[in-house]
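Work through the exercises below with the model open. Each task is followed by its solution.

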Amino acid sequence: MAADIAQPTDLALSRRAIMRGTGAALALPLLSQAAPVLAQRSAALPVPEDPAGMISSLTDGVYINSNENPLGPCPAALRALSGLERLGGRYGMAFANRLASLFARQNGLAPENVVVHPGSYAPLCAAGLAFSSKERPIAYAEPTFDSGFMGANGKPVTRAVTIALAGDYQLDVRKLLAAAPDAGLYYVCNPNNPTGLVTPHADIEWLLANKPAGSVVLVDEAYIHYSDAESCLDLVAKGQDILVLRTFSKIYGLAGLRVGLVAGRKDLLDRLADYGINVTSMPAIVAAEASLLTPGLLAERKSYTAAVRNDLFAWLDARGTRYVPSQTSFAMIYVGRPGGEVADALAKDRVFISGKRKNMDNWVRVTMGTPAEMKVFKAAFAKVMA
Ligand SMILES: Cc1ncc(COP(=O)(O)O)c(C=O)c1O
């Protein structure tokens, strides 16, 4: 399952605890400190476990904790999904090839360079296992989206060598390589979750040109369409030692349907296949195809999100509150005290955000919701920070 929700400091509140108010505060330290990562994944999400409750959660709280898209599937995807429940008894395995071919065609790749998965989290984890080991670690700068490399005890499954992001929260690829000259896998989340900042294409090219033989650069482009970052799919087309992850969970709004993909040279993709490829559900693929075939969808959603983000940044500027100038659908905001405390306080008003990150203890991460949701967030945040 996608684990943007897996941060140990995310809200660990059950719906009932939230309803009871004070019980929520008691539940948090136990779950956030002690529970293994998988348990945190389910316990940390303050969302209902039944469809009716989930539908009401769209309006009975502000859920801006998991970088979900408040717009959900686009109209063409919704139309394409309608009536597909009758196919629920079939696997429909060949559908994935169709989506892979469409994506390849749209991006100047060969179909053999694309493998579709039920979400991009699966190939992310597989890449960690396939290309790193105790001898040849995974290298990345913190904070980033590293939960895919962690085991049940919250520690890297193989071995990780990490550096801190630079003072301006940018990734310094030269420092990363110097810290891990023997890595098997270099992970670059671009734009980075949680900072929302972009690593220039030229830096990734530099890393590819200078990394040790036999290693791979894994570029996670989950949020690329929100930003002005240049994709690294061209480097896949050139046959470099690179894997690029894409997901339909973010700008396309299909997180619950579960569909993503990995692009790379066939021999690299074959190494991932050693760790299993699951069947992606037919409705997910049909919705993804409809989304890819909708002209103007990306530009429309990029500018919708940018307007919400710019409004939030202007409001934070007016308050004198620091933030990282994200180019994505989320942003880190400086709160000057443990981020989890602020997240807990907001949860009492049913505004759910995500707490601190590694090396960013006194920060919170906020996903861009609708303008109406951000209005509720601002009021609650101003109250908590007063
Ligand atoms: C950077 C990044 N990569 C990958 C994922 C996994 O996404 P999914 O498995 O929904 O495709 C997420 C989810 O939050 C993410 O933030």
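**Exercise 1.** State the handedness with which α14 passes α15, and classify their packing angle.

*Solution.* α14 passes α15 in a right-handed crossing, where the near helix is turned clockwise from the far one by less than a right angle (anticlockwise is left-handed). Helix α14 covers residues 339-347 and helix α15 residues 371-385; their axes lie 10 Å apart at an angle of about 120°. That makes α14 oblique to α15 (under 35 degrees is roughly parallel, over 145 roughly antiparallel, 65 to 115 roughly perpendicular, the rest oblique).

This is a predicted model, in which local features need pLDDT of at least 70 and side-chain atom pairs count only at pLDDT 80 or more, while totals for chains, interfaces and linings use all residues. Residues are numbered from 1 along each chain as its sequence is written, and side-chain values use heavy atoms, without hydrogens and water.

**Exercise 2.** Explain why helix α7 counts as largely enclosed by the rest of the structure.

*Solution.* Buried means under 20% relative accessible area (1.4 Å probe, protein chains only). Eight of the 11 residues of α7 (residues 121-131) are buried, so the rest of the structure largely encloses this helix. Among them are Tyr 121, Pro 123, Leu 124 and Phe 131.

**Exercise 3.** Describe the lining of the second largest cavity by residue class and by element.

*Solution.* The lining has eight nonpolar residues, three polar and no charged (Ala, Val, Leu, Ile, Met, Phe, Trp, Tyr, Cys and Pro are nonpolar; Asp, Glu, Lys and Arg charged; the others, Gly among them, polar). Lining residues include Tyr 140, Leu 165, Tyr 187 and Asn 192. β5 gives the most, with three residues.

How values were computed
On a 1 Å grid over the protein atoms alone, a cavity is a set of points where a 1.4 Å probe fits but cannot get out, and a pocket is an open set with protein on both sides within 12 Å along at least five of seven lines; lining residues have an atom within 4 Å of a point. Helices (H or I, at least four residues) and strands (E, at least two) are DSSP runs, numbered from the N terminus. Buried means under 20% relative accessible area, exposed over 50%, partly exposed in between (1.4 Å probe, protein chains only). Axes are lines fitted to C-alpha atoms, for helices over the stretch in contact, and angles run from 0 to 180 degrees between N-to-C directions.
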